[in-house]
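Biologist: I should like to learn how to read the features of a model. Could we go through one together?

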Amino acid sequence: SSTAAGGAWTFGTSVTTTLNSFTLYKTTSNITEQMNGCLASKVTVKSSLDSPVEVMMEGFGTLASYTTLNRTAASSLSNGTPFMWSDVQIFINGSLATNCTAFELQVNNNVETQHTLGNRDPRLVYPKGRDVQLKVTQFFNDTTTYAAAKAGTLDAVSIQLNDPRIVTGK
């Protein structure tokens with residue numbers, strides 16, 4: 001899920017038994033393909049000092065169509081300004097962590113496909129369980145924080161992507 005408040009985008013994961021699907025359009029030369037029922041199998045979001053935020057997704061779709069497709073191009077989504085490391089804020093246990101130098105968040109829905117004889121595309125795409133991994137690279141300001149990390153102490157982590165171009169209330 002995601003929310004935008006005060007110019008910050010906050011993304012979160014939660015336990016769920018269903019995933020929302022989406023439709024993907026792909027145009028190569030003069031052939032347009034529509035994939036329905038797409039599910040994200042794995043989503044990775046990562047960044048480090050002085051780098052853009054990278055988002056990568058793997059997924060599967062069902063029921064491809066190759067006919068003339070009515071769709072609105074997502075041209076407003078291209079050539080945008082990317083989020084940079086300087087737009088990222090990481091909060092650990094509710095406090096801004098100023099000592100972080102990188103993060104990588106991976107959500108794996110363990111999506112599997114089921115094919116039927118004679119069909120190139122899968123007829124069924126379903127998740128088998130969600131795994132969430134977060135890696136945060138940070139330097140330690142004191143031995144207490146280092147000892148807690150070494151002991152495997154669990155922390156609540158929030159990652160915000162702040163976009164100064166978003167102004168709420170206007």
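**Reading burial and surface**

Modeller: Of the 170 residues in the chain, 24% are buried. Please keep in mind that this is a predicted model.

Biologist: What does the secondary structure of the chain come to?

Modeller: The chain has one helix and twelve strands. In order from the N terminus, the elements are β-β-β-β-β-β-β-β-β-β-β-α-β. Among contacts with a separation of 6 or more, 61% join residues 24 or more positions apart.

Biologist: How should one read a nonpolar core, and which residues form the largest one here?

Modeller: In soluble globular proteins, nonpolar side chains tend to be buried together. In this model, the largest nonpolar core comprises eleven residues: Val45, Val53, Trp85, Val88, Ile90, Ile92, Ala97, Cys100, Phe103, Ile159 and Leu161. Two or more of these residues come from each of β6 (88-92), β8 (100-108) and β12 (157-162). The most, three residues, come from β6.

Biologist: With which residues is Trp85 in contact, leaving aside its neighbours within four places in sequence?

Modeller: Trp85 is in contact with Ser47, Ser48, Leu49, Asp50, Ser51, Ile90, Cys100, Thr101, Ala102 and Phe103.

Biologist: Which residues make a nonpolar patch on the surface?

Modeller: Phe22, Leu24 and Met57 make a nonpolar surface patch of about 270 Å². Phe22 belongs to strand β3, residues 22-28.

Biologist: Why is Phe22 classed as partly exposed?

Modeller: Phe22 is so classed because its relative accessible area is 30%, and partly exposed covers the range between the 20% limit for buried and the 50% limit for exposed. For the whole chain, the accessible surface is about 11,800 Å², with 53% of that belonging to carbon and sulfur atoms.

Key
Residues are numbered from 1 along each chain as its sequence is written. This is a predicted model: local features need pLDDT of at least 70, side-chain atom pairs count only at pLDDT 80 or more; totals for chains, interfaces and linings use all residues. Side-chain values use heavy atoms; hydrogens and water are left out. Patches are made of residues with over 30% relative accessible area and no salt bridge: like charges are joined within 9 Å, nonpolar side chains (Val, Leu, Ile, Met, Phe, Trp, Tyr) within 5 Å. Accessible areas come from the Shrake-Rupley method with a 1.4 Å probe; for residues, only the protein chains shown count as cover. A salt bridge is a side-chain nitrogen of Lys or Arg within 4 Å of a carboxyl oxygen of Asp or Glu. Helices (H or I, at least four residues) and strands (E, at least two) are DSSP runs, numbered from the N terminus. Buried means under 20% relative accessible area, exposed over 50%, partly exposed in between (1.4 Å probe, protein chains only). A nonpolar core is a set of buried Ala, Val, Leu, Ile, Met, Phe, Trp, Tyr and Cys residues joined through side-chain atoms within 4.5 Å. Contact means heavy atoms within 4.5 Å.
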